[in-house]
Amino acid sequence: MSADLSELYQQVILDHNRRPRNRGKLPTANRVAHGNNPSCGDECSVYLQLDGDRITNLSFDGSGCAISQASASLMTTQLKGKTAAETQKLYDEFHHIVTTGEAPEDISDLAAFAGVHTFPARIKCATLGWHAALNALKGDPLPATTETHKD
Amino acid sequence: MSDLARTRADFPILHQQVNGKPLVYLDNGATSQKPRAVIDALVRYYERNNSNVHRGLHALSMRATDAYEGARTRIANFIHAADPAEIIFTRGTTESINIVARSWAHAHLKPGDVILTTEMEHHSSLVPWQQAAKAAGATLKYIPVLGADAEGGLDYAALDTLLTPAVKLLAFTHISNTLGTINDAAELCRRARAVGAVTLIDAAQSIGHAPIDVQSLGCDFLVFSGHKMCGPTGIGVLYGRRALLDKLAPDETGGGMVVTVTYEGANWKPSPERHEAGTPNVADAIALGAACDYIDAIGREAIAAHDHHLGAVAMEQLSAIPGIRIIGPRLGQPRAGLVSFAFPDVHAHDIVTFADEDGLALRGGHHCNQPLMRKLGLTSTTRASFYFYNTEQEIGVLVASLRRIQKFFAG
């Protein structure tokens with residue numbers, strides 16, 4: 001296997017793809033947003049339980065490639081307890097990682113996605129769950145948004 | 001050199017390495033590659049004959065006009081149209097369908113009418129009908145596909161109830177780009193005609209893969225893209241029976257399609273000029289004519305036989321991979337030269353990324369077939385689609401690559 005490909009499919013990513021964390025609907029969620037990638041059909045819904053602007057719990061659901069599913073899974077392990085501003089900051093760092101391959105040392109498992117930058121077509125896969133989470137943070141309470149699909 | 005090796009030598013693009021491996025191009029359902037003869041036709045036109053058509057009286061304009069109209073006649077012969085005026089040049093299948101969905105549907109559909117299509121249509125032959133039905137207050141109905149893997153093809157028995165006099169148009173794909181199903185186009189046209197419905201065949205996947213005779217098929221419209229039959233991108237065809245095209249309101253108006261213009265209004269030429277406002281895509285039309293020559297030199301019967309052989313070989317070898325789910329016709333049933341498949345634990349995009357490392361060009365995704373995918377309980381498949389320059393050995397590369405990918409993701 002090429003160096004680029006083993007960099008893309010890191011062990012952390014394969015692990016999250018095989019055993020996704022926080023997968024399924026969150027019964028206590030008061031925010032949800034649905035993300036999809038119309039060009040490939042990948043789907044990801046993110047459920048947030050918000051207390052003020054702090055995420056107290058979250059989950060994701062959906063289907064897609066290993067990169068999109070592992071990224072959403074890993075994201076759910078990183079955002080618990082974060083405020084909206086902290087989430088945005090972490091996303092900005094994540095976006096920097098997947099578009100440049102440069103990962104700060106203190107950024108934990110998210111650095112596993114550095115390999116994405118050599119596969120530009122897969123950047124959207126890696127950021128799908130994050131976009132859903134950011135939309136959920138900005139969105140209306142649950143009942144108003146369940147039928148709102150962003151295509 | 002074998003015939004196949006000689007044919008492959010005609011395609012400059014095939015002789016390259018991708019990720020250090022020989023290119024194995026199995027994405028012909030998306031677009032075919034171009035032989036030297038087609039590339040040369042483009043270069044020759046721009047180097048020697050480039051000019052506007054139907055206007056100039058100078059030598060270049062006459063040459064360009066002759067070549068452009070010659071291409072129209074060549075394409076009319078290619079599909080056995082009765083008259084070159086039945087060939088309208090468009091940007092491709094999508095534009096051709098949209099013209100019918102706007103102009104024809106606008107003039108002929110009223111509330112309560114039915115447009116009938118199938119559950120296996122590409123979005124390009126589905127969304128325009130949804131829009132046309134909405135605009136007219138008509139209803140869009142679907143001929144179902146049969147089987148959990150759509151292996152049963154279209155439900156022809158359902159036509160007895162679906163084909164009522166309310167059906168004004170039957171639009172269907174000749175060959176499914178996702179399933180590889182070959183629909184009985186002549187039978188569907190015959191049944192539609194019996195209730196007075198107009199027919200449109202989406203020949204995007206069949207053109208250049210099998211002999212096409214619009215008169216024996218008995219269709220009213222037939223549409224296709226040049227780029228899937230060795231021609232350039234940006235050129236396609238709307239075939240329509242002359243009687244329909246001469247009455248059809250132009251979808252676009254402008255120069256070249258008018259007889260008389262006053263400050264108060266204008267009137268239209270007959271087909272084909274009527275439907276080709278503005279400077280047409282002269283170069284690509286001429287190159288599409290060259291593609292017809294190239295394909296007929298190989299022979300469409302031979303191409304169809306080669307396609308079906310590769311489809312059958314791929315079916316046999318892919319079916320032997322544990323866990324694979326193949327959609328469309330079962331092993332041994334008639335099938336076009338393409339196979340779509342899915343694995344329960346490896347997503348199509350991961351397969352395509354890995355296969356690329358082996359030099360393979362595959363397609364992964366919903367293939368512009370979202371409703372069908374949803375019906376089959378899938379979000380995506382991987383598709384290998386063949387053409388006359390593909391080899392059995394390339395199917396071997398595909399199968400070896402899939403086995404490697406499966407092993408990697410099984411951990």
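# Reading a two-chain model

Tutor: Let's start with a pair of helices: α4 (residues 84-100) and α5 (residues 123-138) of chain A pack with their axes 11 Å apart, at an angle of about 170 degrees. Keep in mind that this is a predicted model.

Student: How should I read that angle: are α4(A) and α5(A) roughly parallel or antiparallel to each other?

Tutor: An angle over 145 degrees counts as roughly antiparallel. The two helices α4(A) and α5(A) are therefore roughly antiparallel.

Student: Which residues meet between α4(A) and α5(A)?

Tutor: From α4(A), the residues include Y91(A), F94(A), H95(A) and V98(A). On the α5(A) side, W130(A), A133(A), L134(A) and L137(A) are among them. By character, the residues of this contact divide into ten nonpolar, five polar and no charged.

Student: Can we step back to the whole of chain A? What pattern does chain A follow along the sequence?

Tutor: Chain A has six helices and three strands, and along the sequence they come as α-α-β-β-β-α-α-α-α. The radius of gyration of chain A is 15 Å, close to the 15 Å from the globule rule for 151 residues, so chain A is as compact as a globular protein of that length. The C-alpha trace of chain A spans about 45 × 30 × 25 Å along its principal axes. Of the 151 residues, 41% are buried.

Student: How many helices and strands does chain B have?

Tutor: Chain B has 14 helices and 19 strands. Its radius of gyration is 22 Å, close to the 22 Å that the globule rule gives for 411 residues, so chain B too is as compact as a globular protein of its length. The C-alpha trace of chain B spans about 75 × 55 × 35 Å along the principal axes, and buried residues make up 51% of the chain.

Student: What can contacts tell me about residues far apart in the sequence of chain B?

Tutor: Look at the contacts in chain B between residues at least 6 apart in sequence: 70% of them join residues at least 24 apart. In chain A, 64% of the contacts with a separation of 6 or more are between residues 24 or more positions apart.

Student: How many residues does each chain give to the contact between chain A and chain B?

Tutor: Chain A gives 14 residues and chain B gives 14 residues. On the side of chain A that touches chain B, the residues divide into seven nonpolar, four polar and three charged.

Student: Now helices one at a time. Where do the buried residues of α5(B) lie around the axis?

Tutor: Here is the general idea: an α-helix has 3.6 residues a turn, so residues three or four places apart point the same way. In α5 (residues 127-136) of chain B, the buried residues are P128(B), W129(B), A132(B) and A133(B). They cover an arc of only 135 degrees around the axis, which puts them on the same side of α5(B). These buried residues pack against α4 (93-108), β5 (114-118), β6 (139-143) and β9 (167-173) of chain B.

Student: How many residues of helix α12 of chain B are buried?

Tutor: In α12 (residues 348-357), eight of the ten residues are buried, so to speak of this helix as mostly covered is fair. Among the buried ones are H349(B), I351(B), V352(B) and F354(B).

Student: What should I look for in the backbone, in phi and in peptide bonds?

Tutor: Most residues other than glycine have a negative phi, and most peptide bonds are trans. Two glycines here have a positive phi: G137(B), just after α5(B), at about 75 degrees, and G359(B), which follows α12(B), near 85 degrees.

Student: Which residue in chain A has a positive phi although it is not a glycine?

Tutor: N22(A) does, with a phi of about 55 degrees. N22(A) sits in the loop between α2 (11-18) and β1 (31-37) of chain A. With 20 other C-beta atoms within 10 Å, N22(A) is buried. In chain B, N19(B) has a positive phi of about 50 degrees and is not a glycine either. N19(B) lies in the loop between β1 (17-18) and β2 (21-22) and counts as partly exposed, with 13 C-beta neighbours inside 10 Å.

Student: Where is there a cis peptide bond?

Tutor: The bond from S271(B) to P272(B) is cis, with omega near 5 degrees. P272(B) is in the loop between β14 (266-268) and α10 of chain B.

How values were computed
Residues are numbered from 1 along each chain as its sequence is written. Chains are lettered from A and ligands numbered from 1 in the order in which they are written. This is a predicted model: local features need pLDDT of at least 70, side-chain atom pairs count only at pLDDT 80 or more; totals for chains, interfaces and linings use all residues. Two residues are in contact if their C-beta atoms, placed from the backbone, lie within 7 Å. Ala, Val, Leu, Ile, Met, Phe, Trp, Tyr, Cys and Pro count as nonpolar, Asp, Glu, Lys and Arg as charged, and the others, Gly among them, as polar. Axes are lines fitted to C-alpha atoms, for helices over the stretch in contact, and angles run from 0 to 180 degrees between N-to-C directions. Helices (H or I, at least four residues) and strands (E, at least two) are DSSP runs, numbered from the N terminus. Angles under 35 degrees count as roughly parallel, over 145 as roughly antiparallel, 65 to 115 as roughly perpendicular and the rest as oblique. The radius of gyration is taken over C-alpha atoms; the globule rule is 2.2 Å times the number of residues to the power 0.38. A residue is buried if 20 or more other C-beta atoms lie within 10 Å of its own, exposed if 12 or fewer, and partly exposed in between; C-beta atoms are placed from the backbone. The arc is that of the directions from the helix axis to the C-beta atoms.
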